[in-house]
Amino acid sequence: MSLTENSMTMNTFYLGLLIATLMQASLLVAALTLKKKGSRLSNGLLSGIIALFSYYMLIKVLCGTDLILDYPHLAQTYRPLPFLIWPAFYFYLKSMIDPRFHFQIKDCMHLIPFTLYTFYLLPFFLASEEVKLQSVSIPLSGNYFFVVVLQTILLLFYIVQSYRILRSHQEHIQNLFSDIEKKKLSWLNFFLITFGIIWVAAFIKAFLGISYTGDFAIPPILLCLTIYGIGYYALQQPEIFKDNHTEIKPDEKLTILRSAATSSGAGQALNMKSTPKYEYSTLTSQELSKHGQKLIEYLKKEKPYTNSDLKLQDIALFLKLPPHQISQIINTELKCNFYTLINKYRIDQAKSQLIDSGKQHLNIIEIAYEVGFNSKSAFNTAFKKNTGLTPTQYKKQRLSRSAAA
């Protein structure tokens, strides 16, 4: 195949890829816009991110192929977009985990790099088509090198900040919910890594002068799949704080987060003491012990943990105490968080049922549902973490010991 034929083939491939991506992005944006559940702010931010990513890929591919000759006025218009995409994703993440999040004046500082660089490129954007086409083939200048380095630094900054927010969120929900599988936002961790990979690929292309041909077709394809993946998981993601009683006041959230940090071992990294200071708590040590015993009796007698949707607020209503004080009792008296406590009772109940002669007609998933788990995978993970064995291994081991005895 000649060089010209190869170029035409690649152009056709990328044209089809771009059309498919733009159609896919349009459908996702429409679905998010019409989605009635969830935060309007979160859906709006994600729609903007998908649109920006789609445009970024569109122009990036055009500038890396001969297709840019047909659209010279679009040359290099993708350059400022990373300065806007990273903050948008950061704000999307904050809006997902905090139902009270709203933009403040101080948040405008995140738009300064994008605004400054856009104004810097404004003379180029207003230049003639000839000048723009020449920029595609001209070697990278020192200024552009500086911009790419700055974008990389900002990307790392937002990835680190987003990871910290996700980690704090995961600690927070373990003190509110007994089932966190659909509330962890683990899929966003995957996309943080994907963003980094895509940027590294673009970095290599820019400084090695590689065009989007042959094996280097992977980055735009990966970006196309990323756009689809973000939209798909966002549409599947249930609301985390879908009712008012799961929302925690700022002072209560601080106490619960400190509790989570200590119980998870993060307190040492934050230079906290082994037992967190509950500045907003009025409970005495005697009251803590008394309520702790009452909580244990309630769990053993009433078995509320069999409710797969059990929340900290439900326990608080029974004990007639604020949620942050319940969290303090669980952390200081029982030395764990709410999620770990409830799962411990569920696993203990499951272990009894696995070897109960009257329960042998039940399979593993039926027992998992009966003790309060929502899925077999969550049950297996929690069971193995607690016992070191899978439910099936535990059942065989205990039954074989009973038979031998």
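Glu 171 and Arg 167 sit 4 residues apart in helix 6, so about one helical turn separates them. That helix runs over residues 142-173. Helices and strands here are DSSP runs, numbered from the N terminus (H or I with at least four residues for a helix, E with at least two for a strand). The two side chains form a salt bridge, with their closest N and O atoms 3.7 Å apart. A salt bridge means a side-chain nitrogen of Lys or Arg within 4 Å of a carboxyl oxygen of Asp or Glu. Side chains of opposite charge can pair when their charged atoms come close.

Before going on, a word about the model: it is predicted, so local features need pLDDT of at least 70 and side-chain atom pairs count only at pLDDT 80 or more, while totals for chains, interfaces and linings use all residues. Residues are numbered from 1 along each chain as its sequence is written, and side-chain values use heavy atoms, with hydrogens and water left out.

**Salt bridges**

Are the partners in helix 6 buried or exposed? Glu 171 is buried, at 15% relative accessible area, whereas Arg 167 is partly exposed at 42%. Buried means under 20% relative accessible area, exposed means over 50%, and partly exposed is in between (1.4 Å probe, protein chains only).

The structure holds 5 salt bridges, and here are some of them:

| Pair | N to O distance |
|---|---|
| Glu 171 and Arg 167 | 3.7 Å |
| Asp 348 and Lys 351 | 3.7 Å |
| Glu 370 and Lys 359 | 3.0 Å |

Asp 348 and Lys 351 are both in helix 14 (residues 338-354), 3 residues apart, which is about one turn of the helix. Asp 348 is partly exposed, with 28% relative accessible area.

What does the pair of Glu 370 and Lys 359 tie together? Glu 370 is in helix 15 (residues 364-371) and Lys 359 is in the loop between helix 14 and helix 15, so their bridge links parts that are 11 residues apart in sequence. Glu 370 is partly exposed at 33% relative accessible area, and Lys 359 is partly exposed at 24%. Back in helix 14, salt bridges with shared partners join Lys 344, Asp 348 and Lys 351 into one network.

**A buried glutamine and a nonpolar patch**

Helix 6 also holds Gln 151, which is buried, with just 4% relative accessible area. What does Gln 151 touch? Leaving out residues up to four places away in sequence, Gln 151 is in contact (heavy atoms within 4.5 Å) with Arg 79, Pro 82, Phe 83, Trp 86, Tyr 117 and Trp 199.

On the surface, Met 109, Ile 112 and Leu 116 make up a nonpolar patch with about 330 Å² of accessible area together. Patches are made of residues with over 30% relative accessible area and no salt bridge (like charges joined within 9 Å, nonpolar side chains, meaning Val, Leu, Ile, Met, Phe, Trp and Tyr, within 5 Å). Accessible areas come from the Shrake-Rupley method with a 1.4 Å probe, and for residues only the protein chains shown count as cover. Ile 112 belongs to helix 4 (residues 112-125) and is partly exposed at 45% relative accessible area.

**The whole chain**

The chain has 17 helices and 0 strands. Of its 405 residues, 46% are buried. The accessible surface comes to about 21,500 Å², and 60% of that belongs to carbon and sulfur atoms. Among contacts with a separation of 6 or more, 73% are between residues 24 or more positions apart.
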